[in-house]
Amino acid sequence: MDRQTIEDRMQTFRRRCAEKGLAYTHQRQVIYRALASTNTHPTPEAIYDKVKKQMPSLSLGTIYKNIRTFTEAGLLQEVNLLHESLRLDANLESHHHLVCVECKSVTDLPEQEIRPRGELPAGFEVQRYNVEVLGLCSNCSSKSKTKRSNHG
Ligand SMILES: [Zn+2]
Ligand SMILES: [Zn+2]
């Protein structure tokens, strides 16, 4: 993650807190910074592990409560990966996800990379596209190739 993106996200966070009448507390800043400084789509537990080093008094329940607040304020997207675990996304631009079925990694794909072709059902008005592409990431696909060649 480049510094500028993180700072831009923190600016947006600060602005939207003011708009929504949310207190811009130190605790919220620490939690949101942990979310904004990664593009790996972490689980709430992973954010907890990261933040607890800075704020040992913080509980997982508080993390969940803040995540809900951020999501409702439009500061965070929840990605329901393969309907198994909740993953968090502070990238607020419209985009798609490349999901690895093996290691469950999630990679952002810009919206313009995938657009619907052909006719949509009459009367359907598109607001945004959000596509989940399932497959194997480069790491896992090279591993499975090695495995295959070892077996002859
Ligand atoms: Zn993978
Ligand atoms: Zn994403």
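In this predicted model, one side of helix α1 carries the exposed residues Gln-11, Arg-14, Ala-18 and Glu-19. The buried residues of α1 are Ile-6, Arg-9, Met-10, Thr-12, Phe-13 and Cys-17. Around the helix axis these buried residues cover an arc of only 160°, so they sit on the same side of α1. The elements that cover the buried residues of α1 include α2 and α4. A helical wheel is a handy way to picture such an arrangement, with one face turned to its neighbours and the other left open.

The dimensions of α1 can be followed along the chain as well. The helix has 18 residues, and from its first C-alpha to its last it reaches 26 Å, close to the 26 Å expected at 1.5 Å a residue. After α1 comes Gly-21, a residue with a positive phi near 70°.

One of the buried residues of α1, Phe-13, leads on to the aromatic rings. The structure holds four aromatic pairs. In one of them, the ring centres of Phe-13 and Tyr-32 are 4.3 Å apart and the planes meet at 5°; planes under 30 degrees apart count as stacked, so this pair is stacked. The pair brings together distant parts of the chain, with Phe-13 in helix α1 (residues 3-20) and Tyr-32 in helix α2 (residues 26-36), 19 residues apart. Phe-13 and Tyr-32 are both buried.

Phe-13 also pairs with Phe-70, this time edge-to-face, with 5.4 Å from centre to centre and 85° between the planes. Here too distant parts of the chain are linked: Phe-13 belongs to helix α1 and Phe-70 to helix α4 (residues 60-72), 57 residues apart. Both of these phenylalanines, Phe-13 and Phe-70, are buried. Taking the rings together, Phe-13, Tyr-24, Tyr-32 and Phe-70 form one aromatic cluster. The two helices reached from Phe-13 through these pairs, α2 and α4, are also among the elements covering the buried residues of α1.

The cysteines complete the picture. How many disulfides does the structure contain? With sulfur atoms required to lie within 2.5 Å of each other, the count comes to zero. Two of the cysteines can be described by their surroundings. Cys-100 has a relative accessible area of 2%, so this residue is buried. Cys-103, at 41% relative accessibility, counts as partly exposed. A further cysteine, Cys-17, is one of the buried residues of α1.

How values were computed: Residues numbered from 1 in each chain as written. Chains lettered and ligands numbered in written order. Predicted model: local features only at pLDDT ≥ 70, side-chain atom pairs only at ≥ 80, totals over all residues. Heavy atoms only, no water. Phe/Tyr/Trp six-rings, centres within 6.5 Å; stacked < 30°, edge-to-face > 60°. Helix = DSSP H or I, 4+ residues; strand = E, 2+ residues; numbered from the N terminus. Buried < 20%, exposed > 50% of the residue type's maximum accessible area, 1.4 Å probe, protein only. Expected span 1.5 Å × (residues − 1). Arc of directions from axis to C-beta. Contact = heavy atoms within 4.5 Å.
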